[in-house]
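Q: Please take a close look at the largest pocket of this model, and set it against the sheet that shares an element with its lining.

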Amino acid sequence: MLQRFLRERFGTAAVEFAAVSPLLCLVLLGIIDGWSHSTYTMNMRAAAKAGANYVMQGGTSEILTQNVAMSAWVQPPADAAVTVDQVCFCGSVASQCNILCSSSGQPPSGYLRIVASGTWTPPVPVQVLLQGSKSEQRETIRVR
């Protein structure tokens with residue numbers, strides 16, 4: 001009777017599928033989470049680049065730069081934020097933007113820094129593979 005049972009192959013495929021299906025489900029969840037994270041990162045990068053393009057085309061308002069970047073962000077998270085600030089350097093040393101460099105007497109090099117930030121949450125609420133994470137994208141443009 002035991003030999004006859006071992007020779008039968010009718011349920012082999014079902015048993016193999018039952019053994020492999022949890023692994024296939026984990027792989028599928030990983031693909032979904034990875035795709036979602038990649039799309040989120042690309043959308044955030046596009047928002048920061050839209051703000052940078054606005055500045056490079058002659059825009060000077062920091063508030064409008066923020067608005068352009070936020071409006072370009074496709075499906076932003078609830079805590080999405082875009083910050084724009086001006087930083088200046090005399091050589092490689094940070095300085096105030098309204099004071100001439102003491103070493104050369106020239107105006108400092110001015111940069112506009114655009115930072116888009118937000119928290120990505122995985123679309124599958126199981127959070128076995130990937131946890132939600134805070135991330136940011138930066139764009140820096142020389143303005144002077």
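A: A residue counts as lining a pocket when one of its atoms lies within 4 Å of a point of that pocket, and helices and strands are DSSP runs numbered from the N terminus. The model is predicted.

The largest pocket has a volume of about 150 Å³. Its lining consists of S36, T39, Y40, N43, V74, Q75, P76, P77, T119, W120, T121 and P123. Two elements, helix 2 (12-56) and strand 3, each supply two or more of these residues. Helix 2 makes the greatest contribution, with 4 residues. In chemical class, the lining divides into 6 nonpolar and 6 polar residues, with no charged residue.

Strand 3 leads from the pocket to the sheet. The sheet is open, has 4 strands in the order 2-1-3-4, and is paired in the antiparallel sense. Strand 2 (93-95) and strand 4 (133-142) occupy the edges; each has a single partner strand, so one side of each lacks a neighbour in the sheet. From one strand to the next, the twist averages 40°.

Strand 3, residues 109-120, pairs with strand 4 over 10 bridges in the antiparallel sense. Within this pairing, I114 has E139 of strand 4 as its bridge partner. Helix 3 (residues 62-72) packs on the sheet, where helix 3 touches strand 1 (81-90) and strand 3. The direction of helix 3 makes about 135° with that of strand 1. Strand 3 thus pairs with strand 4, is touched by helix 3, and gives residues to the lining of the largest pocket.

Definitions and conventions:
Residues numbered from 1 in each chain as written. Predicted model: local features only at pLDDT ≥ 70, side-chain atom pairs only at ≥ 80, totals over all residues. Heavy atoms only, no water. Pairing = 2+ DSSP bridges. Axes fitted to C-alpha atoms, helices over the stretch in contact; angles between N-to-C directions. Contact = heavy atoms within 4.5 Å. 1 Å grid on protein atoms, 1.4 Å probe; cavity = no way out; pocket = protein on both sides within 12 Å on 5 of 7 lines; lining within 4 Å. Points joined across faces, edges and corners; volume = space filled by probe spheres on them. Nonpolar A, V, L, I, M, F, W, Y, C, P; charged D, E, K, R; others polar.
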